[in-house]
Amino acid sequence: MKHALNILLLILTLISCKNQSKSELKETSSDSKTEAESIKFRQIIFGRYCRECDESCAPMFRLTFDKKEPTLTADFEDTYFSLENKVEFKTDLNQENKLEIAYEIVNKIPETLYNWKTDKERFGCPDCTDGCGYYLEFITKNGDLKTFDLDDFEETENIPKEVLEFTHFLAERINKLIE
């Protein structure tokens, strides 16, 4: 009897799980992910810059957590290179697939960068050999601003392994956001 009751309980559990819609599961996982990320960051800006190119030379992305829902915007106009150094995020990228890519980037930011001893750091020689550089800036929940210029050149000695791995990951995800 006890064995039959356990089987019945298992069947009822499986049925109730199966009846939960995919959208409910997606909302639950997305909400918890967003909540966890918003605890650590207020804003994250990331992108790629290449001085020797013809078009889309400095796509930059901004993910903000200030509002109830995170927002993702982009600058595809290369304002990163402007003299005022003021990037203008005019393109709305709040599609689910684009937000997921941005969340992946946020989740991969290594603790090494989050806890870096200075507010600004340059790893390697980004864009020195026409290989582009990668930009990462974030404002922590307590208001600390950290800015990094990242090189993805494998032979550079002063780049911590986890930062180099993150830079490769960032490069790949930026390409997906541009597609």
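**Close-up views of the predicted model**

**View 1. Stacked rings between strands β1 and β2.** F46 and F61 are both buried (under 20% relative accessible area; exposed is over 50% and partly exposed lies in between, with a 1.4 Å probe and protein chains only). The model is predicted: local features need pLDDT of at least 70 and side-chain atom pairs pLDDT 80 or more, while totals for chains, interfaces and linings use all residues. Residues are numbered from 1 along each chain as its sequence is written, and side-chain values use heavy atoms, without hydrogens or water. The structure contains 10 aromatic pairs (Phe, Tyr or six-membered Trp rings with centres within 6.5 Å; stacked under 30 degrees between planes, edge-to-face over 60, otherwise tilted). In the pair of F46 and F61, the ring centres are 5.4 Å apart and the planes meet at 25°, so the pair is stacked. Because F46 belongs to strand β1 and F61 to strand β2, this contact ties together parts that are 15 residues apart in sequence. (Strands are DSSP E runs of at least two residues and helices H or I runs of at least four, numbered from the N terminus.)

**View 2. The stacked pair of Y49 and Y80.** The ring centres of Y49 and Y80 lie 5.0 Å apart, with planes at 25°, so these rings are also stacked. Y49 is part of strand β1, whereas Y80 lies in the loop between β3 and β4 (91–92); the pair thus joins distant parts of the chain, 31 residues apart. Y49 and Y80 are both buried.

**View 3. Strand β2 and its pairing with β1 and β3.** Strand β2 (residues 60–64) has four of its five residues buried, so the rest of the structure largely encloses this strand. Strand β1 (residues 41–49) runs antiparallel to β2 and is joined to it by five bridges (strands pair if DSSP finds at least two bridges between them). In this pairing, M60 of β2 stands opposite G47. Five bridges also connect β2 with strand β3 (residues 71–75), again antiparallel. Here R62 has T73 in β3 as its bridge partner.

**View 4. The salt bridge between E111 and K40.** This is one of five salt bridges in the structure (a Lys or Arg side-chain nitrogen within 4 Å of an Asp or Glu carboxyl oxygen). The closest N and O atoms of E111 and K40 are 2.4 Å apart. E111 in helix α4 (residues 111–114) and K40 in helix α2 (residues 22–40) are 71 residues apart, and the pair links distant parts of the chain. E111 is partly exposed, at 42% relative accessibility, and K40 is partly exposed as well, at 24%.

**View 5. Salt bridges of E165 and R173.** E165 pairs with K161, their closest N and O atoms being 3.8 Å apart. These two residues are four apart in helix α5 (residues 161–178), which means that about one helical turn separates them. E165 is partly exposed, with 44% relative accessible area, whereas K161 is exposed, with 63%. R173 pairs with E172, with 2.2 Å between the closest N and O atoms. R173 is buried, at 11% relative accessibility, while E172 is partly exposed, at 41%. Salt bridges with shared partners join E104, E172 and R173 into one network.

**View 6. An aromatic cluster and charges over rings.** One aromatic cluster is formed by F41, Y114, W116, F123, F138 and F148. The charged end of K117 sits over the ring of W116, 4.0 Å from its centre (NZ of Lys or CZ of Arg within 6 Å of the ring centre and within 35 degrees of the ring normal). Similarly, K108 lies over the face of F169, 5.2 Å from the ring centre.
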